[in-house]
Amino acid sequence: MLGRMFGPGREYNFTRPNEKGEYEIAEGISATVFRTVLDYYKTGIINCPDGISIPDLRDTCDYLCINFDFNTVRCQDLRTSALLHELSNDGAHKRFDHYLEELILPIMVGCAKKGERECHIVVLTDEDSVDWDEDHPPPMGEEYSQILYSSKLYRFFKYIENRDVAKTVLKERGLKNIRIGIEGYPTCKEKIKRRPGGRSEVIYNYVQRPFIQMSWEKEEGKSRHVDFQCVRSKSLTNLVAAGEDIWEDQEALMHHPPQVDELDRLNAPLSQMASSDAQD
């Protein structure tokens, strides 16, 4: 155990020397939790009593390089115990790593090749079908969403705990602006309503499906350059040229007075509207 903790090939870097080069064992770990974990070296099993924090127990197992799984940790009360929750998080982390590599990453690469900087993926089941009317497509820009047909990933995202694990995995992989949730997605046209004036309104059938939105840029939603309008500068150092510009502007105002927009007339004070009407 000590060889695994302090050797050069250790997997976790939990043991660090202090200023004197000394190693302090069980630093920052509860004595009760530490004594509970030490039972592993007597029986090969860690029996977790009531009142012990499962996350603290797991941190201690990681510190002592003990595998945290059902073969080493046992809890009597399975209903209120967090052991199964921690094991579910481990399983969800591994599964989403697989889904990310096999299903999601190819879609992200396809978006990047088109010049996109982010990706919005809607996860549909294998049985779902999308049939949009070409003349009356659904509103709100659903055509820019990428569709992923996977019943397994759909079921995975049904649990909010799995969505939290997926966010953690995406953050670990360096992605930004991550949003994972459930949204309505249009699948097929149900009917068309005729509005007064001949305008038609299409009613679509919406289903609640998981979605993933993420960006691979460092600055989300920000431009890396500044666009300046091409305007004529008034900060001239030549006073003669500045005087000529002022004279030209005054002549332009005399021959071409500014147009008054109807919205400006409505928003103007009553006195200004009266004087304007008198000029007209």
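**Exercise 1. Is Asn 177 buried, partly exposed or exposed, and at what relative accessibility?**

Solution. Start with the ground rules. The model is predicted, with local features needing pLDDT of at least 70, side-chain atom pairs counting only at pLDDT 80 or more, and totals for chains, interfaces and linings using all residues. Numbering runs from 1 along each chain as its sequence is written, and side-chain values use heavy atoms, with hydrogens and water left out.

Step 1: take the cut-offs. Buried means under 20% relative accessible area, exposed over 50%, and partly exposed in between (1.4 Å probe, protein chains only).

Step 2: apply them. Asn 177 has 36% relative accessibility, so Asn 177 counts as partly exposed.

Step 3: place the residue. Asn 177 lies in strand β5. Strands are DSSP runs of E with at least two residues, helices are runs of H or I with at least four, and both are numbered from the N terminus.

Step 4: check the backbone. Asn 177 is not a glycine, yet its phi is positive, about 50 degrees.

**Exercise 2. Place Cys 65 and classify its exposure.**

Solution. Step 1: Cys 65 sits in the loop between α4 (54-63) and β2 (73-75).

Step 2: its relative accessibility is 15%, so Cys 65 counts as buried.

Step 3: Cys 65 also has a positive phi, near 60 degrees, in a residue other than glycine.

**Exercise 3. Compare the span of α5 with its expected span, then locate the bend.**

Solution. Step 1: α5 covers residues 83-113, which is 31 residues.

Step 2: the expected span is 1.5 Å times one less than the number of residues. For α5 this gives 45 Å, and the helix reaches 43 Å from first C-alpha to last, close to that value.

Step 3: α5 bends by about 45 degrees at Ile 104. The bend is the angle between axes fitted to the seven residues ending at a residue and the seven starting there. Pro 106 follows within four residues.

Step 4: list buried positions. Among them are Phe 96, Tyr 99, Leu 100, Ile 104, Ile 107, Met 108 and Cys 111. An α-helix has 3.6 residues a turn, so residues three or four places apart point the same way.

Step 5: leave the helix. Just after α5, Gly 115 takes a positive phi of about 90 degrees.

**Exercise 4. Classify the packing of α5 against α7.**

Solution. Step 1: α7 spans residues 160-172, and the two axes come within 9 Å. Axes are lines fitted to C-alpha atoms, for helices over the stretch in contact, with angles from 0 to 180 degrees between N-to-C directions.

Step 2: the crossing angle is roughly 55 degrees. That makes α5 oblique to α7 (under 35 degrees is roughly parallel, over 145 roughly antiparallel, 65 to 115 roughly perpendicular, the rest oblique).

**Exercise 5. Sort two aromatic pairs by geometry.**

Solution. Step 1: there are 6 aromatic pairs in the structure. Rings of Phe, Tyr and Trp (its six-membered ring) pair if their centres lie within 6.5 Å; planes under 30 degrees apart are stacked, over 60 edge-to-face, the rest tilted.

Step 2: Tyr 40 and Tyr 41 have ring centres 5.5 Å apart and planes at 75 degrees, so this pair is edge-to-face.

Step 3: Trp 132 and Tyr 185 lie 6.0 Å centre to centre with 40 degrees between planes, a tilted pair. They are 53 residues apart: Trp 132 is in the loop between β3 (118-124) and β4 (146-149), and Tyr 185 is in β5 (residues 176-194).

Step 4: Trp 132 is partly exposed at 24%, whereas Tyr 185 is buried at 1%.
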